[in-house]
Amino acid sequence: MATVLLVEDDHVVRGAMLRSLADRGHAVHAVGTALDALRRVAAETPDLVVLDLGLPDLDGSDALRMLRGITDVPIIIATARDDEQTVVRLLRAGADDYMVKPFTGAHLDARITTVLRRVGRASRTAQPAVHEVGELRVDVGERSATLGDTPLALTRKEFDLLAYLAARPGRVVSRRELLEEVWRQPSVGEDQTIDVHLYWLRRKLGESAAKPRYLRTVRGVGFRLVAPD
């Protein structure tokens, strides 16, 4: 059973989702505004947040960024918007998953279970360790990273990606491996998720795909983290 915070302003939809998740054994708390969601998360950390984008007081994408400023709990976006630009923006802002309405309670429950499983697995398997590659230092136990003397402001998934690569310096890691081990999504068609996170991780490392320093692309194979030449 998970404690789920449901952020949905439509009373009918909220009631249906609440009943469906409760029937499947989850402890569900529901709010109808972004501000109420922020207050609830700050006071009582849930296991997972299901966040609608069309909120009356604040756009859900802005709410997502504000939530990411105070918590690392998994967030699943539930919305009627399905354009690629929106998906990219939400992944960039720290969403863990994305569902397009309408969907069934069984589908939502399956997504919740999958997200919590991969987050829990990462927590269980992450060993307290410090990885150093050139001037890059990744402290797994503290979940912090620095480049030289500069702390890196990473989202939870950006840190997970960097830590996985830093634990395997010089080794080429395939897209499939990243999907299975970092995202726990061994499905086809998720390359966009990896590319978005790599793009922002490169920016925070002060590099680009055209002028890489630490993150190198091995065309057709995968990626590797190395010390700059």
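**Reasoning from cut-offs in a predicted model**

Biologist: How do you know that β7 and β8 are joined, and do the two run parallel or antiparallel?

Modeller: In this predicted model, 4 bridges join β7 to β8, and the two strands run antiparallel. Pairing requires at least two bridges, so the pair qualifies. Asp139 stands opposite Ser144 in β8.

Biologist: What is found in the turn of the hairpin that β7 and β8 form?

Modeller: The hairpin has 4 residues between its strands, and Arg143 is in the turn. Arg143 has a positive phi of about 50° although it is not a glycine. Most residues other than glycine have a negative phi.

Biologist: Why is Arg143 called partly exposed?

Modeller: The relative accessible area of Arg143 is 39%. Buried requires under 20% and exposed requires over 50%, so a value in between is called partly exposed.

Biologist: What joins β6 to β7, and which residue in their hairpin takes a positive phi?

Modeller: Strand β6 (residues 130-133) is joined to β7 by 4 bridges, and the two run antiparallel. Glu132 stands opposite Arg137 in β7. The hairpin has 2 residues between the strands, and Gly134 takes a positive phi near 60°.

Biologist: Turning to the annotated aspartate, why is Asp52 counted as buried?

Modeller: Asp52 has 6% relative accessibility. Since the cut-off for buried is under 20%, Asp52 meets it. The residue is found in strand β3 (residues 48-52). An unreviewed UniProt entry lists Asp52 for "modified residue: 4-aspartylphosphate".

Biologist: With which residues is Asp52 in contact, leaving aside its neighbours within four places in sequence?

Modeller: Asp52 is in contact with Val7, Glu8, Asp9, Gly60, Ala78, Thr79 and Lys101. One of these, Lys101, begins a peptide bond to Pro102 that is cis, with omega near 0°. Most peptide bonds are trans. Pro102 is found in the loop between β5 and α5 (105-125).

Biologist: How do strands β4 and β5 run, and what unit do they make with helix α4?

Modeller: Strand β4 (residues 75-79) and strand β5 (residues 97-100) run parallel, joined by 4 bridges. The bridge partner of Ile76 in β5 is Asp97. Together with helix α4 (residues 84-93), the two strands make a right-handed β-α-β unit.

Biologist: What makes the interaction between His26 and Asp109 a polar contact?

Modeller: The side chains of His26 and Asp109 make that contact at 2.6 Å. The limit for a polar contact is 3.5 Å, so the distance satisfies it. His26 lies in the loop between α1 (11-23) and β2 (27-31).

Biologist: Why is His26 called buried?

Modeller: His26 has a relative accessible area of 11%, and buried means under 20%, so the term applies. Apart from its neighbours within four places in sequence, His26 is in contact with residues including Val4, Leu21 and Ile112.

Biologist: How do you know that the buried residues of α2 line one face of the helix?

Modeller: In helix α2 (residues 34-43), the residues Ala34, Ala37, Leu38 and Val41 are buried. Seen down the axis of α2, they fall within an arc of 100°, so they line one face. The face turned away from the buried side carries the exposed residues Arg39 and Ala43. Among the elements that cover the buried residues of α2 are β1 (3-7), β2, β3 and α3 (60-70).

Biologist: What is found at the start of α2?

Modeller: A side-chain oxygen of Thr33 reaches to within 3.1 Å of the backbone nitrogen of Asp36.

Biologist: Why is helix α6 described as largely enclosed?

Modeller: Helix α6 (residues 156-166) has 11 of its 11 residues buried, so the helix is largely enclosed by the rest of the structure. Its buried residues include Arg156, Lys157, Phe159 and Leu162.

Biologist: Which strands stand at the edges of the sheet with the order β10-β12-β11, and why is one side of each left without a neighbour?

Modeller: This open sheet has 3 strands with antiparallel pairing. β10 (173-174) and β11 (215-218) stand at the edges, each with a single partner strand, so one side of each has no neighbour in the sheet. 4 bridges join β11 to strand β12 (residues 222-225), and Val218 stands opposite Gly222 in β12.

Technical notes
Residues numbered from 1 in each chain as written. Predicted model: local features only at pLDDT ≥ 70, side-chain atom pairs only at ≥ 80, totals over all residues. Heavy atoms only, no water. Right-handed = clockwise from strand over helix to strand, strands pointing away. Buried < 20%, exposed > 50% of the residue type's maximum accessible area, 1.4 Å probe, protein only. UniProt positions renumbered as here; feature names shortened; annotations may be inferred. Contact = heavy atoms within 4.5 Å. Polar contact = N/O pair within 3.5 Å; in protein donor to acceptor, adjacent residues only side chain to side chain. Arc of directions from axis to C-beta.
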